Amino acid sequence: MNVIALSIVLVLVSITIGIAWYSRRWTRTTSEFYVAGQKISWVQNALALTGDYLSAASFLGVTGAIAILGIDRTWDAIGYFGGYIVLLALLAVPLRKVGKFTASEILTTRFRASKTVRTSAMLGSTIISSFYIVPQLVGAGALMQILLGWDYVFSVLIIGTIVIIYVVMGGMRATTYNAVIQAIVLWFAMLLILLLTVILFFDYNPMNIIDSVSGLVPPEVAAGMISDGAVVEGNYQEVINEVSDKLTGGADTALTPGAFAPDWMNLFALATGLVFGTAGLPHVLKRYYTVDKPKDARTSTIGVLFAIGSFYVMAIFAGLAAMVLLYPDLIGFFQAGEESVAQNMAIPLLGELVGGDVLLGLAIGGAFCAILSTVAGLLMTIGTTLTHDYYMELINPDASEKKEVFVAKLSIVATGIIAVLVALALGDQNVSFLVTLAFGIAASVFFPVLFMSVWWKGYTRQGAIATMATGLIIAVLFVVAHLVGMTSVLGLPVLVNPALYSLPSAIIAGIVVSLFTNDVGEVDKFMALAHRKEE
């Protein structure tokens, strides 16, 4: 057991739990529990958005994926960043001007009294958020394997229990404050690890990292080629030379595209899912309702662009550096059947290499807080959607605020348990890859329906339902097909992301159905609200 690293983790987690305990007094009303009473400043919101976004997928998954597969997985970082530009340009301000808690409420502001629209949005939001929670728990399980040597199943059960208690106790205010702390810790942890790596191993020049990986066979590819179980030994440079010379004879390297997305269809599918997925993530959209003024939504997004843009640049260099310096270890993890560690633990292990137990503890502690914060934000979104959008509107409209908050907390517990069970079944997957699948679903469900609702007067109630139903069904179908190992569905190849099929299908379904129907809802009133002059 690493005592120093464990102590740092316990301090950071104690701060997180302490904030939740302190914030419990502000969870008695729905406004406080759901959106922190809209008392969050744009600076706090920008940092909280950054914290929500820089989840285990970004800190562990992106660097881990680049470390084992090379430049092909830099698309994750580029796509996560590009998604915010789409969100800023097309949706952030109009959505905030509508002034509702959830995406479902925005849609029913235009298409009033539509139970089908509300139910479809609730289902989409719940499925996307639930699927986003799973990779966070997968990352947490891998972290505890390294830090404490715990079994993966035991780790996920313990962490799932902690985060459920934390959300039920602290509500949106605690979730926001912890997301702010998490963003600061993760950003500086990544900066410190990269700086020390460049100074200690690459002669103070980060471009030397690029030169070092130019002749490398990605570790996951190399591990797959060692079919006889031969053990590779030596320091990282000796193992790199052995693998490159004897196993491949100069085949693809870490800078050769195609190790993950082997053709243009897979590459385009991944980019489509990532770029349009951000604008459809329920927990990101919900953050815009925690600020007081619409202009704060735009300012928050610009702040997020700076924070996550610089973070992902560092993550790309750190991931490639980890590939070089941890090369024998990464191959060894694959050979030992520890895929979860190989795919997700590159940055903590790099931290340990350059900064010892202190930096290992900071990296794991930061990642652990990221998991708590991100899962908390997602569980808050699910609780809000199930209770505020569905229970209060369609089942028990006369329920008191106290009962509504109680039902929200109950739904959070139930959803958290389901997510833990799914995470137990997907423990060998890369965290970032699982998140890209959630992005693909979000890009297919909420981006098209929100975009057409906000910008097209001819969009109809039936068109909105067709958009969400088509996007959700096709996206989930291809995600499940990928996870169970199918290679094609109805003659179509199963790609690394469903969005290439599901997003165009959802848009076409919405347009075609709208052209043959005429219920445009309260379009004039909605457009005036969404596009009014800023205060």
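## Two residues with positive phi

Leucine 490 sits in the loop that joins β1 (488–489) to β2 (492–493), and in this predicted model its phi is near 55°, a positive value in a residue other than glycine. Is leucine 490 buried or exposed? Its relative accessible area is 85%, and because the cut-off for an exposed residue is over 50%, leucine 490 counts as exposed.

Tyrosine 204 also belongs to a loop, namely the one between α9 and α10 (207–213). The phi of tyrosine 204 is near 65°, again a positive value in a residue that is not glycine. With a relative accessibility of 62%, tyrosine 204 counts as exposed, since the cut-off for that class is over 50%.

## The chain as a whole

The chain contains 23 helices and two strands, and of its 535 residues, 60% count as buried. The area that the chain exposes is about 19,200 Å², of which carbon and sulfur atoms supply 66%.

Contacts in the chain can also be sorted by how far apart the partners stand in the sequence. Among the contacts with a separation of 6 or more, 86% are between residues 24 or more positions apart.

## Isoleucine 4 and its partners

Isoleucine 4, which lies in helix α1, offers one example of residues that are distant in sequence. Which residues does isoleucine 4 contact, once its neighbours within four places in sequence are left aside? The partners are Asp357 and Val358. Isoleucine 4 and leucine 362 are 358 residues apart in sequence, while their C-alpha atoms are 9.7 Å apart in space.

The relative accessible area of isoleucine 4 is 42%, so this residue is classed as partly exposed, because that class covers values between the limit of 20% for buried residues and the limit of 50% for exposed ones.

## Helices α5 and α21

Helix α5 (residues 74–90) has 17 residues, and the distance from its first C-alpha to its last is 25 Å, close to the 24 Å expected at 1.5 Å a residue. The buried residues of α5 include Gly79, Gly82 and Gly83, and Tyr80 and Tyr84 are also among them.

How far apart are the end C-alpha atoms of helix α21 (residues 461–483)? The distance is 33 Å, and this agrees with expectation because 23 residues at 1.5 Å a residue should span 33 Å; the expected span is reckoned with one less than the number of residues. Several residues of α21 are buried, among them Arg461, Met468, Leu472 and Phe478. After α21 comes glycine 485, whose phi is positive, near 90°.

## A cavity lined by three helices

A search of the whole structure finds five cavities of 30 Å³ or more, and the second largest has a volume of about 50 Å³. Which residues line the second largest cavity? They are Leu12, Thr16, Asn178, Ile181, Gln182, Cys369 and Ser373. Two or more lining residues come from each of the elements α1 (3–23), α9 (152–201) and α18 (346–395), and the largest share, three residues, is given by α9.

Sorted by class, the lining of the second largest cavity has three nonpolar residues, four polar residues and no charged residues.

Technical notes. Residues are numbered from 1 along each chain as its sequence is written. This is a predicted model: local features need pLDDT of at least 70, side-chain atom pairs count only at pLDDT 80 or more; totals for chains, interfaces and linings use all residues. Side-chain values use heavy atoms; hydrogens and water are left out. Helices (H or I, at least four residues) and strands (E, at least two) are DSSP runs, numbered from the N terminus. Buried means under 20% relative accessible area, exposed over 50%, partly exposed in between (1.4 Å probe, protein chains only). On a 1 Å grid over the protein atoms alone, a cavity is a set of points where a 1.4 Å probe fits but cannot get out, and a pocket is an open set with protein on both sides within 12 Å along at least five of seven lines; lining residues have an atom within 4 Å of a point. Grid points are joined across faces, edges and corners, and a volume is the space filled by probe spheres set on the points. Ala, Val, Leu, Ile, Met, Phe, Trp, Tyr, Cys and Pro count as nonpolar, Asp, Glu, Lys and Arg as charged, and the others, Gly among them, as polar. Contact means heavy atoms within 4.5 Å. Accessible areas come from the Shrake-Rupley method with a 1.4 Å probe; for residues, only the protein chains shown count as cover.
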